[in-house]
Amino acid sequence: MNYRAELDGLRGLAVSAVVINHIMPEWLPGGFLGVDIFFAISGYVITGSILRSAGERLHPSPGHFLADFYRRRVQRLIPALAVFVAVTAALTCMVDPEPEASLLTGLSAMFGVSNLFLYQESVDYFGSDALYNTFTHTWSLGVEEQFYLFFPLLAWFLLGMGRSGSLTIRRYMAGIGLIGLLSLGWFVMQEPGDVAAYFLTQGRLWEIAAGCLLHIMLHGTGNDGPHRHRLPATLVRCPAWAPLLVLISVQFLPASSATVATILTIAASCVLIGALMQKSLVKNLLLIGWIRHIGLISYSLYLWHWSVLTLSRWTIGIHGWTIPLQLVLMVVLADASWRYLENPLRRIRWAGTAWQTIALGVGVNGLLAIPLTVAAAGEQGRHLFLGEPAQSSELKALSQSIPGTSIDRRTCLIPNSRPIDAGVLERTLQSCSTAELDTPQPGVRRIFLLGDSHASSLLPLARRLHQRGFAITMLARQGCPFPEVGTDHDQQGCREFHTFSEQTVLQRGQAGDMAIIAGYHLSHLGDTTTPDQRNEFLDRAGRPIRGGEAKLALYADAVRRFQAAAARRGIQVVLVGAGPRLLDRDRCLPEWFRPEGVLRDCSANLAQDLERARRLNSQLQERLPQVDILDAEKLICRQGCSLSAMRELLQDDDHLAEGAMDRLEQPLLTLLEKEGRLSPRDRPSPPQGSRP
């Protein structure tokens with residue numbers, strides 16, 4: 001197969017679609033399908049490379065063949081990738097106060113497994129976390145590199161390259177075709193929006209396999225005869241504008257049509273590659289110099305465009321006036337990478353043998369992995385942050401534990417992935433209680449801290465109460481609001497965990513104790529207009545309950561029932577109402593490198609969520625007149641809450657930080673005094689040197 005320059009032009013169109021989609025998704029909703037075009041082209045080109053090597057009989061053994069194949073991949077991919085990762089990682093640390101997720105993704109990209117890392121982290125490619133991770137886009141490199149890992153050995157076997165005579169093309173087509181069909185079947189069977197279908201290699205093999213088969217159909221020949229049948233002849237005669245029109249059209253389909261759009265994209269790409277073998281206006285278009293050049297630098301452009309956009313989101317934002325500057329920067333970086341790294345280093349001899357070249361490339365990755373690992377795992381990357389320093393790891397650890405006890409967030413906030421059984425429940429109760437529950441000390445009152453992860457964020461308050469002489473028991477499960485509403489919850493284990501929590505309070509609690517309930521009320525009780533709302537309460541038929549009013553009524557009934565049972569035992573119930581929330585907090589905090597105009601949406605979102613919290617707390621007070629409610633929004637934001645204040649009041653988007661405890665502690669002590677559980681005269685003095 002001769003070099004086909006028009007495929008560089010097709011690469012240029014594909015990477016341009018990806019860039020446009022990543023700048024403004026509404027401009028080209030399906031522009032991300034450009035990556036799928038790359039997969040089809042990769043399969044086509046890599047099969048051509050394999051057949052060319054086989055035909056020249058340059059490799060008398062599998063070892064020589066594999067060494068030469070991997071050497072070309074190493075020289076092609078590693079130089080540009082290594083420089084990109086190193087520079088982008090350093091810049092990320094300068095503008096991201098918590099760069100660990102990005103750094104770990106970049107580290108995994110160096111070894112071709114970033115798609116697996118992102119899948120393990122359950123990252124939504126179209127979600128906020130992905131947009132602010134400077135290495136999210138490297139998932140596609142992981143797919144290709146994993147394919148490259150096994151494909152040459154498979155091709156050697158299927159083509160019969162180690163035997164004398166011509167190649168066995170039919171067996172190759174059958175093997176690759178079977179792999180492609182299995183992969184396509186798995187891809188189609190996945191639920192819409194499933195991250196597995198997006199990130200995992202088995203869901204993408206069929207796209208690369210389509211390109212592999214296309215090359216065989218158009219060019220292959222072996223001892224079982226030439227393979228120019230009616231289908232390839234039809235592809236070649238097809239007018240090129242028809243598949244190009246399909247490729248353009250599917251990119252305007254919404255993301256919800258991704259499965260159908262992906263299949264259409266691969267089919268149209270294969271037809272177009274075949275049609276471009278004949279002269280046409282479309283082929284002439286793809287051979288235009290600047291379009292071809294975009295294709296030639298497409299690998300480096302794909303690497304750098306995401307870095308430019310993500311770092312812009314952390315700093316100046318993406319606006320009409322910034323987009324021309326960002327486009328110029330992408331192209332300049334990509335062109336420099338292609339001219340001075342990618343192109344020259346793929347053509348020169350790195351070492352004496354192919355295996356030495358491979359070892360050199362792997363060694364470069366290994367050296368780069370050391371600082372990346374230290375920066376991510378040891379949080380050393382945070383020292384490069386150019387903005388106002390984030391909460392120190394020491395203070396963060398202190399705010400998530402009660403020193404001198406076994407209570408800390410890691411132990412006492414049970415992940416929603418952990419199965420629940422009697423042993424887990426009892427061990428959690430013992431580990432997450434100070435003082436013996438069944439033999440209470442005279443005069444020592446206990447505070448039960450109950451709920452989801454928002455209950456664990458009150459650990460600084462629990463620490464202060466413990467210093468005042470209270471015993472503490474914390475029972476919290478991630479994503480599970482307390483008390484159990486009596487029907488069921490979408491997350492397994494919620495009902496069992498909080499049934500146990502309720503029984504613990506009612507059976508082991510003593511008169512004078514207090515149960516503090518905290519939860520992510522804005523989310524669990526949010527209506528359809530509330531960002532990050534959850535519909536995880538189920539009705540008796542097992543269907544999600546939607547609508548804020550229905551969820552609020554169900555939850556209020558559960559709290560009322562629990563409060564009545566607790567009151568009969570002399571246990572006071574306090575419900576911590578909704579507090580301030582700032583979604584995308586780390587990207588919304590004022591910094592010198594973040595212009596005020598970038599933060600307008602952040603300010604508007606903060607104000608809207610404060611109003612939602614205010615309204616929800618008012619509704620809770622109306623429905624629960626017998627329950628003491630700490631109105632977190634009113635107490636924390638009594639004089640208003642600015643974006644800057646969220647640095648001290650929140651530890652992330654929605655969990656309260658140590659600074660908020662200053663505003664909740666005294667109101668809670670007032671409630672204790674009101675009920676006679678604590679008087680100023682009898683209040684124990686905090687230990688010397690501790691914070692009251």
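**Figure 1. Overview of the predicted model, with 31 helices and 10 strands in the protein.** This is a predicted model, and it is a good place to get your bearings before zooming in. Along its principal axes, the C-alpha trace spans about 95 × 55 × 45 Å. Of the 692 residues in the protein, 56% are buried. Among contacts with a separation of 6 or more, 76% join residues 24 or more positions apart.

**Figure 2. Helix 17 has a kink centred on Trp 338.** Here we look at helix 17, which covers residues 323-345. At 1.5 Å a residue, its 23 residues should span 33 Å, and its end C-alpha atoms are 31 Å apart, which agrees. The kink measures about 45°. Trp 338 is also one of the buried residues of this helix. The others to look for are Ile 323, Gln 326, Met 330, Ala 334, Asp 335, Ser 337, Glu 342 and Asn 343. An α-helix has 3.6 residues a turn, so residues three or four places apart point the same way. Which helices do the buried residues of helix 17 pack against? They pack against helix 1 (6-23), helix 3 (62-95), helix 15 (289-296) and helix 16 (298-314).

**Figure 3. Helix 1 and helix 16 run side by side, with axes that come within 10 Å.** Two of the partners from the previous view also meet each other. Their axes cross at roughly 10°, and the two helices are therefore roughly parallel to each other. Helix 1 brings Arg 11, Val 15, Val 18, Val 19, His 22 and Ile 23 to the contact. From helix 16 come Ser 298, Leu 301, Tyr 302, His 305, Trp 306, Leu 309 and Arg 313.

**Figure 4. Helix 10 packs with helix 13 at an angle of about 20°.** Helix 10 (residues 205-219) and helix 13 (residues 258-275) have their axes 10 Å apart. That angle is under 35 degrees, which makes helix 10 roughly parallel to helix 13. On the helix 10 side, the contact is made by Trp 206, Glu 207, Ala 210, Gly 211, Leu 214 and Leu 218. Facing them from helix 13 are Thr 262, Ile 263, Ile 266, Cys 270, Ile 273 and Gly 274. The crossing of helix 10 past helix 13 is right-handed.

**Figure 5. Ser 42 and Gly 48 both belong to helix 2.** Helix 2 runs over residues 34-56. Is Ser 42 buried or exposed? With 14% relative accessibility, Ser 42 counts as buried. Setting aside neighbours within four places in sequence, Ser 42 is in contact with Glu 144 and Tyr 148. Gly 48 counts as buried too, at 3% relative accessibility. If you look from Gly 48 towards Leu 475, 427 residues apart along the chain, the C-alpha atoms are separated by 61 Å.

**Figure 6. Pro 415 sits in the loop between strand 3 and helix 21.** The flanking elements are strand 3 (413-414) and helix 21 (422-431). Pro 415 has a relative accessible area of 27%, so Pro 415 is partly exposed. What does Pro 415 touch, not counting residues up to four places away in sequence? The residues are Arg 477 and Gln 478. Gln 478 is 63 residues from Pro 415 in sequence, yet the two are 5.2 Å apart in space, C-alpha to C-alpha.

**Figure 7. Helix 24 covers residues 494-508.** Its 15 residues reach 21 Å from the first C-alpha to the last, close to the 21 Å expected at 1.5 Å a residue. Buried residues in helix 24 include Cys 494, Phe 497, His 498, Phe 500 and Ser 501. Further along, Glu 502, Thr 504, Val 505 and Leu 506 are buried as well.

How values were computed: Residues numbered from 1 in each chain as written. Predicted model: local features only at pLDDT ≥ 70, side-chain atom pairs only at ≥ 80, totals over all residues. Heavy atoms only, no water. Helix = DSSP H or I, 4+ residues; strand = E, 2+ residues; numbered from the N terminus. Expected span 1.5 Å × (residues − 1). Bend = angle between axes of the 7 residues up to and from the residue. Buried < 20%, exposed > 50% of the residue type's maximum accessible area, 1.4 Å probe, protein only. Contact = heavy atoms within 4.5 Å. Axes fitted to C-alpha atoms, helices over the stretch in contact; angles between N-to-C directions. Parallel < 35°, antiparallel > 145°, perpendicular 65-115°, else oblique. Left-handed = near helix turned anticlockwise from the far one by under 90°.
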